[in-house]
Each structure stands twice: as C-alpha cells, then as structure tokens.
Amino acid sequence: MKLGLVLSGGGSRGAFEAGVIAAVEQAGLRPAVVSGTSAGALNAAGMAAGLGAYGLATWWASIADAQVYRMRQDVWRLLRPAGLLGPGNVAERLLRSVGWTWLWDITPLRRTLIAALGGERVPVRDDLVVAVSAVEVTSGELVRFVSAEPPSRRRSDRYRAVALNVDHLLASAAVPLLFRPARVDGVLHWDGGIVANTPIAPALAFEPDAVIVVMTARRDRKRPEPESLADAIGRYLDAVQRFSLEADLARARTINELVRSAPQATTKRFVDLLVVEPDIADLGDALTFDPATARRLIAAGHDAGAAAIARWRSQGRLAEPPTRGAGPIR
C-alpha cells in the first residue's frame, strides 16, 4: 500500500503532529509522500532527513520562542510620514504611514533548522517524496515545492521540483503580517496556509492508495470570543485550517464517489482518507513555543494517532500488521 501523510500548519502545535508521526511509526507504516505547510513542512523535512519520531519529538520539546523568531529592530522604518499625504480617508492614510509589513524576524528559525538538519539542504530519502506549500507574495500564486515530479498526468505549473532547502521551509512558515517573508530564488514567499493550510492536493498528485491527514485544531471546537491580538490570530489560523480542509476533503470525496460509480470516466483513483485531529480542547497559543506544552501536545498527538489508526485497522482499511517502535516523549 502506498501511503500519503498530510501535515497541517499550526505554529507550535506542530508538536501534536510529531506525536501522530510517532503513532504512524509505531504502527509499522512508512509514508511514501509527505505534504506539509508551515509547521507541517518542518515536520516533513525532519522525516525526510531521517530524524524519526523520537528525533522529531526531541526537537519540538527543545525549542523556545527565541529559537523561532525575534522582534524586528529597525524602528526607523516603522513610520512613513509621506503615507499621510495623498488621496484616501484617514484610515487609508494611517495604514499607508506604517512602513512595517511584518512584525517578527524568523532568522532564529533558520539557524534552528540548519542545526537540526545538519545543513541548509533537506536530505530527502530516496524512498520518500516531500511537498512543501507556499504562496508567492507578488503574484499570489500557490506553489508546491516538491522533491520529485508527480506522474506526468498530474503535473502542472504549480509543482516545482527542487532540491529542498531551509529557504523553502521558511517560505512555507512565513505567516503574512506576522513573520518576515522568505526569499526563494529571489522571490518573496508567504506561508502556504493562506490558501492551503492542510495540503491534501500535493499528496494526492503522487497517487497514493491511502492518506492520513493530520489537523492541529479541532473542526468542531467552540471557542470564546478573542480577548487579545494573539487570540484573534489563533482564531484566524483555526478558521483557515478548518475550511481549507473541508474544501479539500469534499473534493477528494467527490472524486472517490466518481471512481466508485464510473471508474472508466476518470483517470483519478480511489484514495482512502483518515483524518486525525486533537482530542484535547486546549492546544495552547500557536505562537508560543514552550517545551512543557510541546511534550503535552506530543503525547496527545500520539494517543489520537494511535486511536485513529486502530479504528482504521478494525474497519479492514489497513492490512499491514503493526510493529513496535519508539514511543513519544511524555
């Protein structure tokens, strides 16, 4: 069975995905393609580099805010007095007078990733395809950086076969307005989560038999009204992830129904989908990186992943027998 793994964005909640990856590894499953956005892209790169479940869990449980981002210091660029002049109402002129287009610099994350990967290049294993999603700032185009070309009938201009490196990962993780955009080949890129926070399409392009989709937020979760900018950002990220996933799942299910009813009418294939989402209500602030919280999320991810895979097997949808592997850090 050819297995795909889809890893959502979610900032520090990527630690939950590390726990699910541990459950996948324990179950004796070996994905052939991993598609990730933002935090999911970082986990995909770690898998490609051979860190394994234990290595990923150790990494997430060792990083803090200072190893991910820092406040920008060029305060002289904050105000653009010229923006107060010209046409428009007061609100428009005030917005034009703000010279900053992002708040935090993710240069520390670059150093952190280089240390974890052993260099700037992502050393992708021969038996694995990695897809990383980002958005070009100037064109607004969604780009899929892939370590290998999809089958010819699935290719499009969106898929760019590259030697993946740290810059591709930073491009996928650069949340608009919050983090500094990342340059890839001289072009600025933003977090692919703007339009594809749960990037199922790249995994499907490589024609797997089944796909495990990992969420970093509950789709049915009710939350109180935001009380701060951090709360509002968290609600935004949750909403983007939820509706991106629902759209992709609806499309995949439509294709599956078409394949079932009229297989001769399409070149698509049936793909079994398993969605793993958190069982816990409090996943913490997506922008707060804390070892203790990371360990809690890793354990929650392992439990949720193991339970979902067990249900999958009990339904006869996964034939491989489980094998023992390393458990998560608790």
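I take contact to mean heavy atoms within 4.5 Å. The model I am working on is predicted.

**Entry: helix 1**

I started with helix 1, residues 14-26. Does its length agree with its residue count, and what span should I expect? At 1.5 Å a residue, its 13 residues should span 18 Å. The end C-alpha atoms are 19 Å apart, which agrees.

Next I looked up burial. I call a residue buried when its relative accessible area is under 20%. By that cut-off 11 of the 13 residues of helix 1 are buried, so the rest of the structure largely encloses this helix. The buried residues run through Gly14, Ala15, Phe16, Glu17, Ala18, Gly19, Val20, Ile21, Ala22, Ala23 and Val24.

What covers the buried residues of helix 1? I found strand 1 (3-7), strand 11 (210-214) and strand 12 (272-276) among the covering elements. Helix 2, helix 3 and helix 10 (291-314) are also included. Just after helix 1, I noted Gly28, with a positive phi of about 75°.

**Entry: His302, a link to helix 1**

His302 is in helix 10, one of the elements that cover helix 1. I find His302 buried, at 11% relative accessible area. I paired His302 with Ala22, which is 280 residues away in sequence. In space their C-alpha atoms are 6.1 Å apart. Ala22 is itself among the buried residues of helix 1.

**Entry: helix 2**

How many residues of helix 2 are buried? The count is 10 of its 10 residues, and the helix is mostly covered. My list reads Ala39, Gly40, Ala41, Leu42, Asn43, Ala44, Ala45, Gly46, Met47 and Ala48. Gly50, just after helix 2, takes a positive phi of about 85°.

**Entry: Val130, in touch with helix 2**

Val130 is in strand 5, residues 129-136. Its relative accessibility is 1%, which makes Val130 buried. I set aside residues up to four places away in sequence and listed what Val130 touches. Two of the residues touched are Ala44 and Ala48, both buried in helix 2. The others are Val34, Val124, Phe145, Val146, Ser147 and Leu164. I also checked Pro151, 21 residues from Val130 along the chain. The two C-alpha atoms are separated by 14 Å.

**Entry: cavities**

How many cavities of 30 Å³ or more are there? I count five. The largest holds about 300 Å³ of space. I find 27 residues lining it, and those closest to its centre are Gly11, Ser38, Ala173, Val175 and Asp191.

I then asked which elements supply the lining. Helix 2 (39-48), helix 3 (52-60), strand 8 (177-179), helix 7 (193-196) and helix 9 (229-261) each give at least two residues. Helix 9 has the largest share, three residues. By type, I sorted the lining into 20 nonpolar residues, six polar and one charged.

**Entry: nonpolar cores**

Nonpolar side chains tend to be buried together in soluble globular proteins. Here the largest nonpolar core has 66 residues. Which members touch the most others? They are Leu5, Leu7, Trp60, Leu113, Leu169 and Ile212. Helix 10 gives this core the most, eight residues. I also found a second, separate core of 12 residues. Ile200, Met215, Val271 and Leu273 are included in that second core.

**Entry: positive phi outside glycine**

Most residues other than glycine have a negative phi. I looked up two cases with a positive value.

Leu177 has a phi near 75°. I place Leu177 in strand 8, an element that helps line the largest cavity. Is Leu177 buried or exposed? It counts as exposed, at 59% relative accessibility.

Glu207 has a phi near 55°. I place Glu207 in the loop between helix 8 (200-205) and strand 11. Glu207 is buried, with 9% relative accessible area.

**Entry: Ala182**

Last, I went to strand 9, residues 182-184, where Ala182 lies. Ala182 is buried, at 10% relative accessible area. Leaving out neighbours within four places in sequence, I find Ala182 in contact with Asp167, Leu170, Ala171 and Ala174, among others. Val187, Leu188 and His189 are also in contact with Ala182. Ala196 is 14 residues from Ala182 along the chain, and their C-alpha atoms are separated by 17 Å.

Conventions
Residues are numbered from 1 along each chain as its sequence is written. This is a predicted model: local features need pLDDT of at least 70, side-chain atom pairs count only at pLDDT 80 or more; totals for chains, interfaces and linings use all residues. Side-chain values use heavy atoms; hydrogens and water are left out. On a 1 Å grid over the protein atoms alone, a cavity is a set of points where a 1.4 Å probe fits but cannot get out, and a pocket is an open set with protein on both sides within 12 Å along at least five of seven lines; lining residues have an atom within 4 Å of a point. Grid points are joined across faces, edges and corners, and a volume is the space filled by probe spheres set on the points. Helices (H or I, at least four residues) and strands (E, at least two) are DSSP runs, numbered from the N terminus. Ala, Val, Leu, Ile, Met, Phe, Trp, Tyr, Cys and Pro count as nonpolar, Asp, Glu, Lys and Arg as charged, and the others, Gly among them, as polar. The expected span of a helix is 1.5 Å times one less than its number of residues. Buried means under 20% relative accessible area, exposed over 50%, partly exposed in between (1.4 Å probe, protein chains only). A nonpolar core is a set of buried Ala, Val, Leu, Ile, Met, Phe, Trp, Tyr and Cys residues joined through side-chain atoms within 4.5 Å.
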